[in-house]
Amino acid sequence: MKKRPLAAITDAELRVMEELWQRGEATIRNRRDALYPQGGNSKFATVQKLLARLAAKELVHRRKDEANWVFQAVVARDDLIGGELRRVADRLSGNSMAPLLTYLVETGELTAKDRAHLRNLLDEEPGAKRRSETHRS
């Protein structure tokens, strides 16, 4: 069964997701304090709106904990990256990932470690079990 495509997100929404991935679940106030240390009511409302959008896109889950809403990312970073790359490939490369990878290789954007990692991935069978972490150089 094919997974449904993830919704695109804005840069501001991505900042909130980054915080949730790093820190796990948190309240709106926790996210506001992390994202806007000098924040106030207007920044609280901004973070509240961003979290509501992410919940509507089914990228975060919210639950009531005593008096506060607590939010947690339900989409892994790798899945979001994959969705964004798929959108770029669909829009710019005629639905092919090859031009994206070709560009990265030909322009020297990949380190030797990145290239070695890609070679290993290409040698694996599609869908083979891999470690859960994204390769980072």
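## Sheet and helices of a predicted model

Strands β2 and β3 pair in the antiparallel sense over six bridges. The model is predicted, and the account below starts from this pair of strands.

Two residue positions show how β2 and β3 face each other.

| Residue | Residue opposite, in β3 |
|---|---|
| Val60 | Ala73 |
| Arg62 | Phe71 |

The hairpin of β2 and β3 has two residues between the strands, and in this hairpin Glu66 takes a positive phi near 60°.

The sheet as a whole is open and has three strands, in the order β1-β3-β2, with antiparallel pairing. β1 and β2 (residues 60–65) stand at the edges and have a single partner strand each, so one side of each is left without a neighbour in the sheet.

A helix lies over these strands. α1 lies across β1, β2 and β3, and runs at about 85° to β3.

Helix α2 spans residues 28–35. Which residues of α2 are buried? They are Ile28, Arg31, Arg32 and Leu35. Because these buried residues cover an arc of only 100° around the axis, they are on the same side of α2. In an α-helix there are 3.6 residues a turn, so residues three or four places apart point the same way.

What covers the buried residues of α2? The cover includes two helices, α1 (11–23) and α3 (41–56), together with the strands β1 (26–27) and β3 (68–73). Helix α1 thus appears in both settings: α1 lies across the three strands, and α1 is also among the elements that cover the buried residues of α2.

Conventions
Residues numbered from 1 in each chain as written. Predicted model: local features only at pLDDT ≥ 70, side-chain atom pairs only at ≥ 80, totals over all residues. Heavy atoms only, no water. Buried < 20%, exposed > 50% of the residue type's maximum accessible area, 1.4 Å probe, protein only. Helix = DSSP H or I, 4+ residues; strand = E, 2+ residues; numbered from the N terminus. Arc of directions from axis to C-beta. Contact = heavy atoms within 4.5 Å. Pairing = 2+ DSSP bridges. Axes fitted to C-alpha atoms, helices over the stretch in contact; angles between N-to-C directions.
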